[in-house]
2 protein chains.
Amino acid sequence: MSPRNTELSRPDLVERALEIADAEGMTAVTVRRLAKEFGVTPMALYWHFANKDELLAAMGDSFYDSVALPADGAWDERLRAVTAALVTTLRRHPGAAHLALARVLSCDEGLDLSEATFAMLRAEGFSVIETADIARTALQTAASLVTQEAGAEVEHGSDKRDEVIEAKRKALAALPVERYPNVLECMECLTDTADEDEYYRFGVDLFVDGVRALHDRVRAESRA
Amino acid sequence: MSPRNTELSRPDLVERALEIADAEGMTAVTVRRLAKEFGVTPMALYWHFANKDELLAAMGDSFYDSVALPADGAWDERLRAVTAALVTTLRRHPGAAHLALARVLSCDEGLDLSEATFAMLRAEGFSVIETADIARTALQTAASLVTQEAGAEVEHGSDKRDEVIEAKRKALAALPVERYPNVLECMECLTDTADEDEYYRFGVDLFVDGVRALHDRVRAESRA
DNA sequence: ACCTGAACACCGTTCAAGT
DNA sequence: ACCTGAACACCGTTCAAGT
């Protein structure tokens, strides 16, 4: 596409791949397409990545570069803070956000984040099993919120998103009112997120509240 | 592969596709592969499905055929029951479970389930936005639990799963103890789910407890 | 109604070769 | 050290044709 005006590099390739994912969906992220973007033959990428999986892994890893781990405050506030921080990074590239899930325990930055979160939860009295589950759920919650946001429709790129959403809305609107009164009542919220900040706050709260309830049970049992 | 001993049909194709997904991962589910399984040319499938997306949609829809919607009990017990019921169906085909997410509001059975769940939440005083978010989270929670279960490694088929998990365990075990003491302590839980029932109970509880906490807040505010 | 044959525009990946 | 050319075994999908 564009003529070679710059050398290839892993970070540049990853960045461009993330942009393509957001613009046209992950299906558009192919070795050949990426090569074309850099004005280079497909096989050139194999010098920088062993294979496509390694490219996807690098894309996943990239999210953990910019996650600030909070050190102060009560444990539940810190848990909320990591979850919110994860949401923030993943939101930068919704189309590729799910790639982060498989990489938490497979890159240094992800491991650092995990270690800090684990330490916090263990110190608060959670068992190893609970700790693993809670930390996994925190990441999963962040990824789900970003990926499943109504109106995000992350599997299609930002190019075709509007028509996909419009089609979905039309399909819902055509539903029989007698049978699906509540679905129709919720139609707006199901196809569009009116207040994004509120949406993410709600989702993170739901998770943290659940953990807090569990925490209270754990404390109650240990006192008994 | 096998010679044509039976006619092609949508349900048979879907069933076989789900089996392939579990055995070898979703990447193995291709039009050509599926055709080969039925001893038929790839284009034969295009009589039964408009395209591959429609096949994937039908796979996703299939999960909602067997979800029992509970009618009695307290609202939180019913919410727990739907979530658990979702877990149960999705667990039948972990490799394809994520396909159910995009289809809740796009097939009759999914819509029926949604309508019943929405009605229950609305009757309990949740707003339309809260209702939509909670219902979405219930499904997402179920899917995540199934997909992210330690030792499930759903993206690789059941054939290569063991070596992938072994590799992951080895990588974690090689980590420096000074830097990752808590990760190492949790290693077992991160690579294997010791008690599956407990794992799912924990995950569903975490979600329902979160909703209950929210519910209490809603009630407290409406009284004020 | 249901399936095939041939063809097209894509994939990821190899390997030897160029500079 | 970094990239190319040619080739291979795959994809999904079309369209006209067979029965």
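In this predicted model, 4 aromatic pairs are found over all chains. One of them joins Tyr199(A) and Tyr200(A) in an edge-to-face arrangement. Their ring centres lie 4.8 Å apart, and the planes meet at 75°. Both rings belong to buried residues: Tyr199(A) has a relative accessible area of 6%, and Tyr200(A) likewise has 6%. In chain B, Tyr199(B) and Tyr200(B) also pair edge-to-face, with 4.8 Å centre to centre and 75° between the planes. Tyr199(B) is buried at a relative accessible area of 7%. Tyr200(B) is buried at 6%.

The surface near DNA strand D was examined next. It comprises 16 residues. Those that come nearest are Thr41(A), Met43(A) and His48(A), together with Arg32(B) and Lys52(B). By class, the residues of this surface divide into 8 nonpolar, 4 polar and 4 charged. Two helices each supply at least two of its residues: H3 (45–48) of chain A and H2 (31–37) of chain B.

On the DNA side, sugar or phosphate accounts for 56% of the strand D atoms within 4 Å of the protein. Bases make up the rest. Individual contacts reach phosphate oxygens of the strand. Thr41(A), one of the nearest residues, places a backbone N or O atom 2.9 Å from a phosphate oxygen. Trp47(A) uses its side chain instead, with a polar atom 3.2 Å from a phosphate oxygen of strand D. From chain B, an N or O atom in the side chain of Tyr46(B) lies 2.9 Å from a phosphate oxygen of strand D.

Methods
Residues are numbered from 1 along each chain as its sequence is written. Chains are lettered from A and ligands numbered from 1 in the order in which they are written. This is a predicted model: local features need pLDDT of at least 70, side-chain atom pairs count only at pLDDT 80 or more; totals for chains, interfaces and linings use all residues. Side-chain values use heavy atoms; hydrogens and water are left out. Rings of Phe, Tyr and Trp (its six-membered ring) pair if their centres lie within 6.5 Å; planes under 30 degrees apart count as stacked, over 60 as edge-to-face and the rest as tilted. Buried means under 20% relative accessible area, exposed over 50%, partly exposed in between (1.4 Å probe, protein chains only). A residue is near a molecule or strand if one of its heavy atoms lies within 4 Å of it. A polar contact is a pair of N or O atoms within 3.5 Å; within protein, one must be able to donate a hydrogen and the other to accept it, and residues adjacent in sequence count only if both atoms are side-chain atoms. Helices (H or I, at least four residues) and strands (E, at least two) are DSSP runs, numbered from the N terminus. Ala, Val, Leu, Ile, Met, Phe, Trp, Tyr, Cys and Pro count as nonpolar, Asp, Glu, Lys and Arg as charged, and the others, Gly among them, as polar.
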